[in-house]
Amino acid sequence: MNKTTLLVILFTALNWTAHSNAADSSEKKLVWSDEFDGKDLDYTKWGIEVNAFGGGNNEMQIYTDRAKNIRVENGNLIIEAHKDNAAIAGTSRPFSSGRIRTRKRGDWKYGRIDVRAKLPVGKGIWPAIWMLPTDEAYGGWASSGEIDIMELVGHEPNTYHGTLHYGDSWPKNKHSGKPYKLSAGSFADKFHVYSIDWKEGEISWYLDGKLWQTQNKWSSAKGKFPAPFDKRFHLILNLAVGGNWPGPPNKDTQFPARLLVDYVRVY
């Protein structure tokens, strides 16, 4: 092969690679984001849920709108749980925390969601990045579905779960998914990017850009596949304390427990 032929081949390969990369990037368009660069939570994007009833899972926290529990600081969203016997409307609980959602401010049917976060750990600590249906077109939970992008129970600090809930209303509901386990360290050590790529009939989970789970088999008592995951959903970020899954904190659980979120991006 002479030098001229080799140069032509190399130029063609480089040109094809550049074109391929451009095509890949054009497939993903940013439609909603929060970089948390301001001084306050952006209420055009988020609503704060105030709830004194433990989130439906026998949780032990009260969700407040206090800056103590939810604030933006140093480029991060901070959701912070305290052991402080907080009270709302005559109801008190031993712990307080925060829960925010994008409902009616950010609602999507299909797309990619990236959340860069650093998680708290410890017995009884339960951070979550998840989605619920905005319109509940197929009925109450879990008939209209639930998408769990990331759930971690703090006594398993190196493991998080990606799960779908569907089927029929409780207690006839179903769920499917599996855990992802780090080979070393815990999810409290540093920030990671937790993602899903949600397409018609298929949802894939990624950690730091690497695919680790795909689901494409689910069911609905009220609609044909891909129901219920064919309607718009909104995003929820929260930090629970206690509950049916993680159990209560113990003497070694450290408070305040802090969920840090660097950004949320929807494509």
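This is a chat about the salt bridges in a predicted model.

Biologist: What kind of model is this, and how are residues numbered?

Modeller: The model is predicted, so local features need pLDDT of at least 70 and side-chain atom pairs count only at pLDDT 80 or more, while totals for chains, interfaces and linings use all residues. Residues are numbered from 1 along each chain as its sequence is written, and side-chain values use heavy atoms, with hydrogens and water left out.

Biologist: How many salt bridges are there?

Modeller: The count is 12, where a salt bridge is a side-chain nitrogen of Lys or Arg within 4 Å of a carboxyl oxygen of Asp or Glu.

Biologist: Which residue does Lys68 pair with, and where do the two sit?

Modeller: Lys68 forms a salt bridge with Asp84 at 3.0 Å, N to O. The pair links distant parts of the chain, 16 residues apart, with Lys68 in the loop between strands S3 (61–63) and S4 (70–73) and Asp84 in the loop between strands S5 (76–83) and S6 (87–88); strands are DSSP runs of E, at least two residues, numbered from the N terminus.

Biologist: Is Lys68 buried or exposed?

Modeller: Lys68 is partly exposed, with a relative accessible area of 34%; buried means under 20%, exposed over 50%, and partly exposed in between, using a 1.4 Å probe and protein chains only.

Biologist: Switching topic, what about Arg112 and Asp114?

Modeller: Their side chains meet in a salt bridge at 3.0 Å, N to O, and Arg112 is buried at 16% relative accessible area, as is Asp114 at 8%. Elsewhere, salt bridges that share partners join Arg71, Glu73, Glu80 and Arg258 into one network.

Biologist: How do Glu80 and Arg71 meet?

Modeller: Their side chains form a salt bridge at 3.2 Å, N to O, and both Glu80 and Arg71 are buried.

Key: Helix = DSSP H or I, 4+ residues; strand = E, 2+ residues; numbered from the N terminus.
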